[in-house]
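Reader: I am new to this structure and should like to understand the terms used to describe it. Please explain the reasoning behind each one.

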Amino acid sequence: MGRQASDMKEDPGFYDYWPYHNRPKIEWPGGARLAFWVAPNIEFYELDPPANPQRAPWPRPTPAVGGYSIRDYGNRVGHVRQMDLLEKYGIRGSISLSTALCEHHPEIISMCRERDWEFFSHGIYNTRYTYGMSEAQERDMIRDAMQTIHRHTGQACAGYLAPALSHSELTLDLFAEVGSELFGDEGGIYSCDLFHDDQPTPIRLRSGKRFVSIPYSLEMNDTIAYVVNKIEPRRYGQQIKDNFDRLYAEGADSGTIMCIPTHNYQVSCPHRMRAYEEALEYITGHDDVWVTTGREIADYFLEHYYDDALDDIAEKAVAGMGV
Amino acid sequence: MSLDKSYLEYPQRSHGMDHDRYDWSMLSERRPVAWPGGAKLAVWINVGLQFYPLNQQGTPFKVPGGMTMPYPDLRHYSLRDYGNRVGIYRFFKAFDQYGVKPTFAMSTRLAERTPYLLRAVVERGDEILCHGYHMDALHYGGQDGAEEAELVERSIDGLRELSGQQITGWLSPAKNESSQTPELLKANGIEYFCDWVNDDMPYRFRTDNGELIAMPLSTELEDYFVIGQNLHSESSWVEQVKDATDFLLTEAGEQGGRILALNIHPWLLGQPHRIGHLERVLEYISAQDGVWMASASEICNAWQVQQEVANES
């Protein structure tokens, strides 16, 4: 199923080069200099999912007891731990949701609804990949997920992180289009799939819809820290604080965004909670931090800064050509 | 290009799990558990006494911690053997110094090969649970059913005969299973097993032959995962165990009894430069108020009795 080089693009074409200096100044609500959001991934992995031609869901033959059961730990044990901790520090989660969890574990959905958390789409199951889907299939999957969130929470889904970060070239287009079909301008307005910036970026779509990329840091992601980079819990906590310190300082010039993406099967393990709590206490102990959600950041940027950003990007492109 | 339409069908998409092995349940919503003597934290120190054979077959994968070099991989064979010759005797001293009651997960083949070590464990009066036949005798999806049935029976019966203990617990090599491993364990008189890492407390697990108890033996906090695979320092491992102990004690104060399950290996922590770090951990844990040092089956039984009382009331 590998693609021929001639079928693949050199660049996804979503955005132009936009240097991180002399950009139009962003000020967050209340004069805040940093928008801080936490995105707990609440996921459902299947014990025996259908095979995808390009990616195996589990490294070992079924039943994948180790991989499956640690993910289940996140829902059985970890979720409430992190939820209580976020509540203690006045943080509403922006949930990257495997939407089948609405059917499997509605108890978790209720708890999050009671706390006015945001739900955004992370596909249906984290064991169903976008790879190999036709455009119609991917559109159906995206629509199913957004409708499921609406049916169970009443929310018009604003954001997307593709399931297991599996994409097609059309993923962002389809998400934005289905969002408009279902919910008009309320639905399908931001993506968490791109890691190119510390500020929001207007994204170029085939529909021309006003749509933004909101920074959702891969580097601050607990699974990247613990599973890929295999770092110590206290070092992860220190990285979070260091990341905050720099973005907070730079936010005095123009508002920045900091996101901590988490997974209840990683960050909520007993030996990792202290480091995480210390980091949250540190961040929320600062003035001029806007503790918010992904949708609120996207809405605010679209309303106040999106047009200025487009103009500035165009100006800098022209300036570049004068060299 | 498209996928088969079944890829967009979701036959298990309904309340609860996507299988029938156990019920969906959130830890925080369960009835609080009380440990004997009003303890808050049951401490289960689980020691792997493992035999890694030199003639490793690696079916269907090379067991983590096993041979990695071309045959004969003397370095890994002998380094694992070190644990059973040297490291374990350092462990015994440390356990006695800090009043720890360990549980030993033993390969049946090791019990056959080292009767002196087996007798030392038996004479201590500590519980032994079956850790499979040896570390290269894996249980796995697609394994021949009769072959696995013989393997389970040989492992459990052999360990019962050699140890004289009842042997009610099981830990699969590499925590790997086939889809019929739980049925085979129950058919051979096993009452609890420790392969699934989806909880911090015991829960009921269905098999075609009746229920097992799944006991929570954390992989994320074990010495081999933290030090051997993640390459964290020994000091960091000590800090992680202390943080876990503190966290679980606090949670137990709010939600009822919890378990600190620490899986450790004498071939790793039994080294001269690491044993002191294990001692620091045991010193810290044993100094806490509200700690109950217990064997795996004692913890399992204490939990089970309360579930039965709860069901009757």
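The exchange below takes up one chain, the interface, and a single residue in turn.

Author: Please bear in mind throughout that this is a predicted model.

Reader: What makes chain A as compact as a globular protein of its length?

Author: Chain A has ten helices and nine strands. Its radius of gyration is 19 Å, and the globule rule gives 20 Å for 323 residues; the two values are close, so chain A is as compact as a globular protein of that length. The C-alpha trace of chain A spans about 60 × 50 × 35 Å along its principal axes. Of the 323 residues, 59% count as buried. Among contacts in chain A with a separation of 6 or more, 78% come from residues 24 or more positions apart.

Reader: How many residues of chain B are in contact with chain A, and what area is buried between the two chains?

Author: In chain B, 58 residues are in contact with 61 residues of chain A. About 4900 Å² is buried between the chains, with carbon and sulfur atoms giving 57% of that area. Met1(B), Tyr7(B) and Arg13(B) supply 16% of the area that chain B buries against chain A, more than any other three residues.

Reader: Why is the pair Asp144(A) and Arg13(B) called a salt bridge?

Author: The term requires a side-chain nitrogen of Lys or Arg within 4 Å of a carboxyl oxygen of Asp or Glu. The closest N and O atoms of Asp144(A) and Arg13(B) are 2.9 Å apart, which is within 4 Å, and the pair therefore qualifies. Nine salt bridges are found across the interface by this rule. The interface also holds 34 residue pairs in polar contact, both residues being at pLDDT 80 or more.

Reader: Which helix gives the largest share of the side of chain B that touches chain A?

Author: The largest share, eight residues, comes from α7(B). By class, that side of chain B has 22 nonpolar, 20 polar and 16 charged residues.

Reader: How do you know whether Asp73(B) is buried or exposed?

Author: Buried means under 20% relative accessible area. Asp73(B) has 3% relative accessibility, which is under that cut-off, so Asp73(B) counts as buried. Asp73(B) lies in the loop between β1 (41-49) and α1 (74-97) of chain B.

Reader: What does Asp73(B) touch, leaving aside residues up to four places away in sequence?

Author: Asp73(B) touches Leu54(B), Met67(B) and Thr68(B). The C-alpha atoms of Asp73(B) and Leu54(B) are separated by 6.7 Å, although the two lie 19 residues apart along the chain. The side chain of Asp73(B) also reaches the backbone nitrogen of Met69(B), at 3.0 Å.

Methods:
Residues numbered from 1 in each chain as written. Chains lettered and ligands numbered in written order. Predicted model: local features only at pLDDT ≥ 70, side-chain atom pairs only at ≥ 80, totals over all residues. Heavy atoms only, no water. Contact = heavy atoms within 4.5 Å. Buried area = accessible area lost by both parts, 1.4 Å probe. Polar contact = N/O pair within 3.5 Å; in protein donor to acceptor, adjacent residues only side chain to side chain. Helix = DSSP H or I, 4+ residues; strand = E, 2+ residues; numbered from the N terminus. Nonpolar A, V, L, I, M, F, W, Y, C, P; charged D, E, K, R; others polar. Rg over C-alpha atoms; globule rule 2.2 N^0.38 Å. Buried < 20%, exposed > 50% of the residue type's maximum accessible area, 1.4 Å probe, protein only.
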